[in-house]
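Let's take a stroll through a protein model, one piece at a time. Keep the picture open while you read, and find each residue as it comes up.

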Amino acid sequence: MKIKKGDTVLIISGKDKGKKGKVLEAFPKERKVMVEGVNLRKKHQRPKKSGEKGQIVELPGPISVSNTKLICPKCGKAARTGYKIFKNNKVRICKKCKQEV
Ligand SMILES: [Zn+2]
C-alpha cells in the first residue's frame, strides 16, 4: 500500500473531499486508512469514573485508500507515488518532484 501511517493525505472523493489530514492508522489488508478529522463518527464515551458524565466524542472511521492522495512533504503537492530501487531498497517516490518521500 502506498499510503502509510504518518503521511499527510488529501481526500479526493466522498463526503470529506478536499480535506487534508494525517494518517493515524493504516490497514494494508483492508486497503483502508484512518485520517485525522475525516469520516468522523460520533461515539458515546462512557464515564471512566463514577460521578463523571459520559460524553460524545468524534472519532475518525477508516476510509478506502483509493480515496486519498499523498501530499508530498518535499514539494507540497498532492501527488501520485511510485517506487524505484535505490541501493537495493525499494523507495517510494513522488511522481511530481521525483524525490524520495
Ligand atoms: Zn513531490
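Start at a turn: β2 and β3 form a hairpin with 4 residues between the strands, and arginine 31 there takes a positive phi near 55°. Bear in mind as you look that this is a predicted model. On either side of that turn, strand β2 covers residues 20-27 and strand β3 covers residues 32-35. The two run antiparallel and are joined by 4 bridges. If you'd like to see one facing pair, look for alanine 26, which stands opposite valine 33 in β3.

What holds strands side by side like this? In general, strands of a sheet pair through backbone hydrogen bonds, either parallel or antiparallel.

Now zoom out. In what order do the strands of the open sheet line up? Reading across, you get β6-β3-β2-β1-β7-β8, so to speak a row of 6 strands with antiparallel pairing. At the edges are β6 (63-64) and β8 (78-79), each of which pairs on one side only.

Let's walk across that row from β2. Its link to β1 is made by 3 bridges, and the two strands run antiparallel. Here threonine 8 has lysine 22 in β2 as its bridge partner. On to β7: 3 bridges join β1 to this strand, again with an antiparallel run. Look for isoleucine 11 and you'll find threonine 68 of β7 standing opposite.

One more step takes you from β7 to β8, which pair in the antiparallel sense over 2 bridges. Leucine 70 stands opposite alanine 79 in β8. These two strands also form a hairpin, with 6 residues between them. In its turn, glycine 76 has a positive phi of about 75°.

While you're here, check out the empty space. As a general idea, rolling a probe the size of a water molecule over the atoms shows where empty space is left. The largest pocket in this model has a volume of about 220 Å³. Some of its lining residues are ones you've already met, including Arg31, Thr68, Leu70 and Ala79. Others come from the very start of the chain, among them Met1, Lys2 and Ile3. Which strand gives the most to the lining? That's β7 (residues 68-71), with 3 residues. Sorted by class, the lining has 5 nonpolar, 3 polar and 4 charged residues.

There's another hairpin to visit. Strand β9 (residues 81-86) and strand β10 (residues 89-94) run antiparallel and are joined by 6 bridges. Glycine 82 stands opposite isoleucine 93 in β10. The hairpin has 2 residues between the strands, and lysine 87 takes a positive phi near 50°.

Side chains on this hairpin are worth a look too. The charged end of lysine 90 sits over the ring of tyrosine 83, 4.8 Å from the ring's centre. How many aromatic pairs turn up in a search of the whole structure? The count is 0.

Finally, think about charges that meet. The structure holds 5 salt bridges. One of them joins arginine 92 to aspartate 7, with the closest N and O atoms 2.8 Å apart. This pair links distant parts of the chain: arginine 92 is in strand β10, while aspartate 7 is in the segment before β1 (8-11), and they are 85 residues apart.

Conventions. Residues are numbered from 1 along each chain as its sequence is written. This is a predicted model: local features need pLDDT of at least 70, side-chain atom pairs count only at pLDDT 80 or more; totals for chains, interfaces and linings use all residues. Side-chain values use heavy atoms; hydrogens and water are left out. Rings of Phe, Tyr and Trp (its six-membered ring) pair if their centres lie within 6.5 Å; planes under 30 degrees apart count as stacked, over 60 as edge-to-face and the rest as tilted. A charge sits over a ring if NZ of Lys or CZ of Arg is within 6 Å of the ring centre and within 35 degrees of the ring normal. Two strands pair if DSSP finds at least two bridges between them. On a 1 Å grid over the protein atoms alone, a cavity is a set of points where a 1.4 Å probe fits but cannot get out, and a pocket is an open set with protein on both sides within 12 Å along at least five of seven lines; lining residues have an atom within 4 Å of a point. Grid points are joined across faces, edges and corners, and a volume is the space filled by probe spheres set on the points. Ala, Val, Leu, Ile, Met, Phe, Trp, Tyr, Cys and Pro count as nonpolar, Asp, Glu, Lys and Arg as charged, and the others, Gly among them, as polar. A salt bridge is a side-chain nitrogen of Lys or Arg within 4 Å of a carboxyl oxygen of Asp or Glu.
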